[in-house]
Amino acid sequence: MSLLRAWITLIWLTVRRLIWSANTLMVVLPLAACGVFLFVWRHNMEPQEYADYARIFAQFSNVFVITIFSLFVIPVCALAYATTSIGGDREERTLLFLLIRPIPRAMVLAAKFLGTLPIVVSLIGGSFYGFCQIMPAPVADEALRLYLPSVVLMSIAYVSVFHLFAVLFRHSTIIALVYSLSMETILGAMPGIIKRLAVNFYGRSMMYDLARDFGVQEPLFFQAIDTVSAQTMLAVFTIGSMSLATIVFVRKEYRDLS
Amino acid sequence: MNLTFQNVTKFYGPVIGVNDISCQIGPGVTALFGANGAGKSTMIKLASGQLRPSQGNVNIGEKSSWSTAAKRDFGYSPDINSFYEEMTGREFVTTMSRLYGYASSEAKRRTELALLRVGMADRAARRIAGYSHGMRQRIKLAQALTHDPQILLLDEPLTGVDPGGRADFHQLLAQLADDGKTILFSTHMLAEVEDICDSVLMISRGRLLASGSLSQIRSLLADQPLTVEIAAVDARHVASLLLQMPEVRSVEIDQETVTVRTTNASTFFPAINELVVEQQLDISRMQTVDEGADAVFSYLEAGA
């Protein structure tokens, strides 16, 4: 009997169940809607407008990448899988079968996280790549180069935060959805220091900071922080959320499983 | 290997789940018997490391049941009906087996063995979503057996199982007990399984009322009324003699059967033996009718 083998089995089980879950259909729909939106936008451009790459890049950045994609698409895609990863097992009560196996609880949670991460990152990163390709080639190349790191870091941070939600709350998907669509949006748009509690503030700060020289201007009240600080804070969100989730998960009695 | 409860108390907030329970469960079949809400599931959850005691210790062998190490030593069949429904029974049991760290080929071998033991080998290729309640119980039992644990914890394993399945289950438990396994299962239908139990834990309102074999427990209740049916040719004469005995509380006659209620079982039986010899009574049958598990439990619960 090998603990490592059991752990790898659990990671694989997580990946397999998430890919074939109804959530995949749930996230494909908003991603397809984004694709249609960009496709229609590009085809409605006037010929003279089409050659103004700097203007297209700024519009694509402000309207799509920093607003629609960062504020809504990334958190929704991340929560669809991250809350289901352990929250689905909790709601369906199958978590019980995992907790009675001789795998330390910290490793159970780590397996869930590691099983979820590649799905979320490849789905969000891959769809972002696809959306960029709808734009003219110079815009696509620049957007990918500037924004992909922020997109990936935000995805990882959201996966961590939503795992914490799943460990803490039974109906974590609903709570995470309300949090993403209200708290993240409202907090991230608040003037002053309160917005620093929102994950998307740091992701969007990175985007504004990196794209400033390309004509992308942040709103006056946004007060983006520099890229290194934003990256550090996203790492703090990731590590902090998973550490807290691990502490809670290791100690918690899940009385609602049977 | 023993399962030990040492002064175990479990609170759910202000509500007490089990109250100062101490017992040691060794090899053989032990039934945990009590009404709904008595604390059976709490005890099983404590034993399977799902809950931690508020006070006291629950040990699997020498290890705390909450520890990861203890989880290798027991198999647990929960009372829930939740599975990975999209899997077949075979896939589910194999996956659960692999979560013990077995290589794929070994996990498959153990899965087939477990499926064979629970009588599901020929039906395990179907998806769990289409399984009946009884088949689900068997699959739960199979996943608990794959790693050949020393201790088996079964929470209401007979719920939804048909009579044929129950007979199979009895046979399986007897085999496992012969192999030296410690088996604890909760039930609220003790009368159906008392024949296969080596001992019984009777629990009510979170307290352990009694433990031991049913006859041992019954002997503790010497001052409780016992009902005895006596078939005699001259039932009226037998009844009149019985009424003169100080241990007899009441007598009823129905054709050739006398039903006696006695307050002291330990002196009643020697006394009636003497009476039969002295009076040359023609008695064809004598049996207790309330020595069964349910009656014993009722007495204990009333006295608790």
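Before anything else, a definition: two strands are said to pair if DSSP finds at least two bridges between them. With that in hand, let me say that what you see above is a predicted model, and that I will start with chain B and then move to chain A.

In chain B, strand β3, residues 28-33, and strand β9, residues 199-204, run parallel and are joined by 4 bridges. Within this pairing, L32(B) has L201(B) of β9(B) as its bridge partner.

These two strands belong to an open sheet of 6 strands in chain B, whose order is β6-β7-β8-β3-β9-β10 and whose pairing is mixed. At its edges lie β6, residues 74-77, and β10, residues 207-212, each of which pairs on one side only. From one strand to the next, the twist averages 15°.

Two helices of chain B can be placed against this sheet. Helix α4(B), residues 133-145, packs on the sheet by touching β6(B) and β7(B), the latter being residues 151-155, and its direction makes about 165° with that of β6(B). Helix α5(B), residues 163-178, lies across β3(B), β7(B) and β8(B), where β8(B) is residues 182-187, and runs at about 150° to β8(B).

Let me stay for a moment with the edge strand β6(B), which runs parallel to β7(B) and is joined to it by 4 bridges. In that pairing, the partner of Y76(B) in β7(B) is L153(B). As background, in a regular strand the side chains alternate between the two faces of the sheet. Are the residues on the two faces of β6(B) buried or exposed? Both faces are covered, with F74(B) and Y76(B) buried on one side and G75(B) and S77(B) buried on the other.

Stepping back to chain B as a whole, we find 10 helices and 14 strands, and C-alpha atoms that fill a box of roughly 75 × 45 × 30 Å along the principal axes. Of its 304 residues, 52% count as buried. Among the contacts in chain B between residues at least 6 apart in sequence, 66% join residues at least 24 apart.

Now to chain A, where I would like to follow helix α7(A), residues 137-168, and its contacts with two other helices. With helix α8(A), residues 172-189, the axes come within 9 Å and cross at roughly 135°, and α7(A) and α8(A) are therefore oblique to each other. The crossing of α7(A) past α8(A) is right-handed. Among the residues that make this contact are Y158(A), V161(A) and F162(A) from α7(A), and I175(A), Y179(A) and E184(A) from α8(A). By type, the residues of this contact divide into 8 nonpolar, 2 polar and 1 charged.

With α9(A), the axis of α7(A) is 9 Å apart and the packing angle is about 170°, and since angles over 145 degrees count as roughly antiparallel, that is how α7(A) and α9(A) are described. The contributors include L146(A), S150(A), Y158(A) and V161(A) of α7(A), together with G203(A), M207(A) and L210(A) of α9(A). Here the division is 14 nonpolar, 3 polar and 1 charged.

I will finish with L210(A), which is found in helix α9(A), residues 199-211. Leaving out residues up to four places away in sequence, L210(A) touches L146(A), S150(A) and T227(A). L210(A) and T227(A) are 17 residues apart along the chain, and their C-alpha atoms are separated by 7.2 Å. As for exposure, L210(A) has a relative accessible area of 29% and is partly exposed.

Notes: Residues numbered from 1 in each chain as written. Chains lettered and ligands numbered in written order. Predicted model: local features only at pLDDT ≥ 70, side-chain atom pairs only at ≥ 80, totals over all residues. Heavy atoms only, no water. Axes fitted to C-alpha atoms, helices over the stretch in contact; angles between N-to-C directions. Parallel < 35°, antiparallel > 145°, perpendicular 65-115°, else oblique. Left-handed = near helix turned anticlockwise from the far one by under 90°. Contact = heavy atoms within 4.5 Å. Nonpolar A, V, L, I, M, F, W, Y, C, P; charged D, E, K, R; others polar. Buried < 20%, exposed > 50% of the residue type's maximum accessible area, 1.4 Å probe, protein only.
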